[in-house]
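Visitor: I am new to this structure and should be grateful for a guided introduction.
Guide: Certainly; please look at the sequence and the model first.

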Amino acid sequence: MHSNTWTPTAAPSPSRRTLLRTAVAGTAAAGSVLGLGSVFPASAAPPEPAAGDRPATPEQALRRLEAGNRRWRTYRQEHPHESPSLRLQLTRGQHPFAIVLGCVDSRVPPELVFDQGLGDLLTVRSAGEVLDEAVLGSIAYGVLELDIPLVLVMGHQSCGAVSAAVHADETGEQLPAHIQYLAEQIRPSIDHSQHGEARVNAAIDTHARRTRRRLAAEPDIARRIATGRLAVVAARYELRDQRVRTLS
């Protein structure tokens, strides 16, 4: 069991230092409803863990998120893990089963979108899911110190950060202060063969996939993926129907 206290060592390993660097970008295509079939072979999916058990594998963790999103979009939320006894239990440590890297948009809170409670998710949020050292370090903490088996990079419909990046790219306009940094990080995901709203929508998906691939290329993360201990998945949340779909 991993310690819940993140105690820095005197001399971090080269791989730990490497994890905090930006890796090579990439792209992919296609999407489906959040579920095991689009990421893991059906034959590899283990049974759903018993209620209250922490999912121990990427497959189980993704299935738990799928079930929670189904409750959310059908208005059958359970608001789990809020009891006084659970709050007391969490004073002794945390064991979240998934990391969700999402946007800061107020309409896309991961705990609500996936109907999860205290201690279930390690949420990391930045405008447009942009990676920087703090975001990478936060994800590294969850993967390496808390042994979390799933990282979900979740873009969303009508993302203001992506829309601003597309607008700046099209017009050459300089955005205010640090917002320009966000646009520059998103710009490589813009498909200039698309136009109008289609360009924004395509950039939302491509940026989520690109962020996933950058994370998966980090050496320490890649090693865990290779052994089956971890999966890094890209997804998109639709505001219209509250459904999360994975992006392959």
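The questions below concern a predicted model.

Visitor: How many residues of strand β4 are buried?
Guide: Strand β4 covers residues 150-156. Leu150, Leu152, Met154 and His156 point one way from the strand, while Val151, Val153 and Gly155 point the other way, and all are buried. The strand is thus described as mostly covered, and the number of buried residues is 7 of 7.

Visitor: Which residue of β4 is the bridge partner of Val100?
Guide: Strand β2, residues 98-102, runs parallel to β4, and 4 bridges join the two. Within β4, the bridge partner of Val100 is Leu152.

Visitor: Which residue in β5 does Val151 stand opposite?
Guide: Strand β5 comprises residues 231-237 and is joined to β4 by 7 bridges, the two strands running parallel. In β5, the residue opposite Val151 is Val232.

Visitor: Which element supplies the largest share of the largest nonpolar core?
Guide: This core has 23 residues, and those touching the most other members are Ile99, Leu101, Ile139, Val143, Val151 and Leu215. At least two residues each come from β2, β3 (121-125), α5 (133-145), β4, α8 (197-217) and β5. The largest share is 7 residues, and the element that supplies it is α5.

Visitor: Which residues of β4 does Leu101 touch, leaving aside residues up to four places away in sequence?
Guide: The contacts of Leu101 on that basis include Val124, Ser126, Glu129, Leu131, Val135, Ile139, Thr211 and Leu215. Leu101 also touches residues that belong to β4. These are Leu152, Val153 and Met154.

Visitor: How many residues does the other core hold?
Guide: Another core lies apart from the largest one. Among its members are Phe114, Leu152, Ala235 and Val244. The number of residues in this other core is 19.

Visitor: Why is there no bond between the sulfur of Cys103 and the closest cysteine sulfur?
Guide: A disulfide is a covalent bond between the sulfur atoms of two cysteines. To count as one, the two sulfur atoms must lie within 2.5 Å. The sulfur of Cys103 has its closest cysteine sulfur in Cys159, and there is no bond because the distance is too far, at 4.1 Å.

Visitor: Is Cys159 buried or exposed?
Guide: A residue is buried when its relative accessible area is under 20%. Cys103, with a relative accessible area of 4%, is buried. For Cys159 the relative accessible area is 1%, so Cys159 is buried.

Visitor: How many disulfides does the structure hold?
Guide: Cys159 is in no disulfide, its nearest cysteine sulfur being that of Cys103. For the structure, the number of disulfides is 0.

Notes. Residues are numbered from 1 along each chain as its sequence is written. This is a predicted model: local features need pLDDT of at least 70, side-chain atom pairs count only at pLDDT 80 or more; totals for chains, interfaces and linings use all residues. Side-chain values use heavy atoms; hydrogens and water are left out. Buried means under 20% relative accessible area, exposed over 50%, partly exposed in between (1.4 Å probe, protein chains only). Two strands pair if DSSP finds at least two bridges between them. A nonpolar core is a set of buried Ala, Val, Leu, Ile, Met, Phe, Trp, Tyr and Cys residues joined through side-chain atoms within 4.5 Å. Contact means heavy atoms within 4.5 Å.
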